[in-house]
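Hi,

Here is the structure I promised to pass on. Have a look at it first, and then read on for what turned up.

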Amino acid sequence: MNSAGRRVFSALARPTLRNATTPSFTRSPAALRRLLSALAILEQRDGKLNTGSLSAVSAAQKLGGSVHGFIAGSNIKPVAEEAAKVEGVEKIVAVDNGAYDKGLPENFAPLLVENIKKGGYTHVVAGNTAFGKNVMPRLAALLDSQQISDITAIEDDKTFVRPIYAGNAIATVESSDAIKVITVRGTAFPAAAVGSGSAAVEDGVDPKADSATEWVSEDLAKSDRPDLSTASRVVSGGRGLKSKEDFDRIIYPLADSLGAAVGASRAAVDSGYADNSLQVGQTGKVVAPQLYMAVGISGAIQHLAGMKDSKVISAINKDADAPIFQVADVGLVGDLFEKVPELTEKLKKA
């Protein structure tokens, strides 16, 4: 081999040390926190802040970076000023436009996209409510991100915990998306307190996106009882009540004597005993009150998924082998048509 050939071979065979000698830079946790910024999507109805949506703020705070809130609707300034008092929020971005009052995803999602791009947010957080389930998937699609739904814990800025299979398994998921779109389970993140906060209120960008969807009307079940989603006490009835008349006669007096909200199992709702707005379970509302009373509910896995995080669970059922007793802290085996009226009378006299 001639000398030129040896030089070529030598150059090919010689290992490069460029990567080994190049200094590596790692960001400190404090530097990473400065790069993180979360936008918590807040909800309002008829000019009143939905305090249940403040669980999004609590979750956003656990990410470690700055937290801004977003709210939109007609005459939004008073609501934005109330939201500005939420502790831990640095800024409220508000858009005053009646077109966003009902949270239609067809125009609300493009509105969020414009404000997310303007703010340069790394995380967008909303409650796993009817609004969140409606708007956030469309937002994720517009941002080309994979939504992370119904999380119950945050391990770091890209790793989250969420229940699957009706809560029978817990998944830990990691997202590599530049903008992470997240919905949070309200029972896992207590609503942030409205108190001594002093966040600035800033006008957001309003793209006035055209929408082919028009809000026509809504029929809401109105009640003077506590709201099911946020009540500290809940009395739920199941198929064991046998009819709507018996449901009303047995459950409502007991709930009133306890100052409790009324719930129902899916079986009771499907049988017409209660309105579907009262359904507790995997396909209904997820609640975690201080006291949950299950009356005539067997304890199907789908129902347990919506109430098993309650602090105290009490069950009344004539079947001693009913699954509900496996999760109940206090159980009474007996005929609910005898035991519940008796209990109600004693509570009224107490």
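Which residue in S10 does Arg162 stand opposite? The partner is Ala171. Before you read too much into that pair, keep in mind that this is a predicted model.

Now for the strands around that pair. Strand S9 covers residues 159-164 and is joined to S10 by six bridges, with the two running antiparallel. Another facing pair in there is Val161 and Thr172 of S10. S9 and S10 make a hairpin, and four residues sit between them. One to click on in the turn is Tyr165, which has a positive phi of about 55°.

The hairpin belongs to an open sheet of three strands, ordered S8-S9-S10 and paired in antiparallel fashion. S8 (153-156) and S10 (169-174) are the edge strands; each has a single partner, so one side of each has no neighbour in the sheet. On average, neighbouring strands here are turned by 30° against each other, ignoring direction. As a reminder on what holds such things together, strands of a sheet pair through backbone hydrogen bonds, in either a parallel or an antiparallel way.

Next, the helices. H6 (residues 105-119) carries Asn115. Is Asn115 buried or exposed? Asn115 has a relative accessible area of 4%, and the cut-off for buried is under 20%, so Asn115 counts as buried. Leaving out residues up to four places away in sequence, Asn115 touches Phe70, Val93, Val95, Tyr121, Gly204 and Val205.

H6 also packs against helix H7 (residues 130-143), at an angle of about 55° and with the axes 9 Å apart. That angle makes H6 oblique to H7. The crossing of H6 past H7 is right-handed. If you want to colour the contact, H6 contributes Pro105, Glu106, Phe108, Ala109, Pro110, Leu112, Val113 and Ile116. From the H7 side come Phe131, Asn134, Val135, Arg138, Leu139, Leu142 and Leu143.

Last, the annotation. UniProt, in an unreviewed entry, puts the feature "domain: Electron transfer flavoprotein alpha/beta-subunit N-terminal" at residues 38-219. In the model, that span is 24% helix and 31% strand, and the C-alpha atoms at its ends lie 34 Å apart.

Cheers

Note on methods: Residues numbered from 1 in each chain as written. Predicted model: local features only at pLDDT ≥ 70, side-chain atom pairs only at ≥ 80, totals over all residues. Heavy atoms only, no water. Pairing = 2+ DSSP bridges. Axes fitted to C-alpha atoms, helices over the stretch in contact; angles between N-to-C directions. UniProt positions renumbered as here; feature names shortened; annotations may be inferred. Buried < 20%, exposed > 50% of the residue type's maximum accessible area, 1.4 Å probe, protein only. Contact = heavy atoms within 4.5 Å. Parallel < 35°, antiparallel > 145°, perpendicular 65-115°, else oblique. Left-handed = near helix turned anticlockwise from the far one by under 90°.
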